Amino acid sequence: MRTAAVKSLVYKEFYMARKPLMIEMLNFLIFALMGVLAETSFRSGNLALLSDVIKDDLKEMVDLNAILFPVLMVCLIALSIADSSLKDEVTAWKRFCHAIPASHIDFAVSKYVTFLITVLAESAFSFIYTALICSIIGVPFSAVYAAYILAVVVLTTLMAVLNHVGILLFHTKDKAGIFMAVVLFGIILIPVLIGMNFHDADSTREVVRKSLIFLLPWMPVMTAVILAVGCAVSAVLLRRREA
């Protein structure tokens with residue numbers, strides 16, 4: 001593996017994804033602003049005039065959405081990086097990649113170094129934003145909020161890796177999307193079936209909360225494993241293409 005080649009390819013990944021990155025950041029800022037305005041309204045705006053019964057139920061929903069939607073938007077940045085793989089296919093990059101001093105290992109590592117930088121950046125944005133929302137709400141930054149953030153990071157990282165691997169396998173966005181959806185459906189189906197055993201919504205919510213807190217220390221490990229496995233699989237696929 002050549003360090004200089006990897007650095008150059010990482011720059012290329014971010015350059016190719018610059019427009020989708022700006023769009024996702026704009027979406028994050030829009031949803032973040034909406035969350036801040038909604039929470040501010042509960043304290044000193046029109047929503048503060050609602051009756052206590054209605055306000056309590058509505059505020060619980062708004063609190064969760066004010067955190068999750070902006071976090072989801074910023075974490076979708078990883079998918080913007082994955083989409084640069086499709087641009088490589090469209091522009092027939094594979095015809096020219098052999099002319100540069102980089103191996104298939106360099107290509108695979110550069111993609112996942114880019115993913116890693118993106119995951120760290122989106123996690124930082126998410127934690128800073130959530131801390132801001134918690135200060136507006138007037139509640140401490142609890143382990144539940146951290147678990148929500150990291151769960152979204154794990155999910156979107158898995159989506160990005162599956163999308164990238166799918167493009168290497170099938171060379172089209174549609175087939176890669178179907179591949180990603182099938183795998184995700186199989187993974188998400190398990191907790192859904194478990195949740196169906198609880199007829200009470202409060203019980204289901206409590207089970208989800210406890211499960212997230214239990215998995216909290218393992219979520220960074222899960223993200224690292226996803227990236228490592230994805231890098232290994234991508235290297236194999238790129239090597240097969242070279243052959």
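**Notes on the helical core and a surface patch**

1. A good place to begin is Phe115: setting aside neighbours within four places in sequence, Phe115 is in contact with Ala78, Ile81, Ala82, Ala160, His164 and Leu227. Please keep in mind as you look around that this is a predicted model.

2. Phe115 also stands out in the largest nonpolar core, which has 59 residues: together with Tyr112, Phe115 touches the most other members. At least two residues of this core come from each of α1 (3–16), α2 (18–44), α3 (52–75), α4 (77–90), α5 (104–137), α6, α7 (173–195) and α9. The biggest contribution is that of α6, with 17 residues. As general background, nonpolar side chains in soluble globular proteins tend to be buried together.

3. Helix α6 deserves a look of its own. Spanning residues 143–170, α6 has 28 residues and reaches 40 Å from its first C-alpha to its last, close to the 40 Å expected at 1.5 Å a residue. Of those 28 residues, 23 are buried, so α6 is largely enclosed by the rest of the structure. Just after α6, His171 takes a positive phi of about 70°.

4. Now for the outside. Phe214, Leu215, Trp218, Val221, Met222, Val225, Val229 and Val233 form a nonpolar patch on the surface, and their accessible area together is about 720 Å². Two or more of the patch residues come from each of α8 (201–215) and α9 (219–242). The most is given by α9, with five residues, while Trp218 lies in the loop between α8 and α9.

5. One link to follow on screen is α9: this helix supplies at least two residues of the core and also gives the most to the nonpolar patch.

How values were computed: Residues are numbered from 1 along each chain as its sequence is written. This is a predicted model: local features need pLDDT of at least 70, side-chain atom pairs count only at pLDDT 80 or more; totals for chains, interfaces and linings use all residues. Side-chain values use heavy atoms; hydrogens and water are left out. Helices (H or I, at least four residues) and strands (E, at least two) are DSSP runs, numbered from the N terminus. The expected span of a helix is 1.5 Å times one less than its number of residues. Buried means under 20% relative accessible area, exposed over 50%, partly exposed in between (1.4 Å probe, protein chains only). Patches are made of residues with over 30% relative accessible area and no salt bridge: like charges are joined within 9 Å, nonpolar side chains (Val, Leu, Ile, Met, Phe, Trp, Tyr) within 5 Å. Accessible areas come from the Shrake-Rupley method with a 1.4 Å probe; for residues, only the protein chains shown count as cover. A salt bridge is a side-chain nitrogen of Lys or Arg within 4 Å of a carboxyl oxygen of Asp or Glu. A nonpolar core is a set of buried Ala, Val, Leu, Ile, Met, Phe, Trp, Tyr and Cys residues joined through side-chain atoms within 4.5 Å. Contact means heavy atoms within 4.5 Å.
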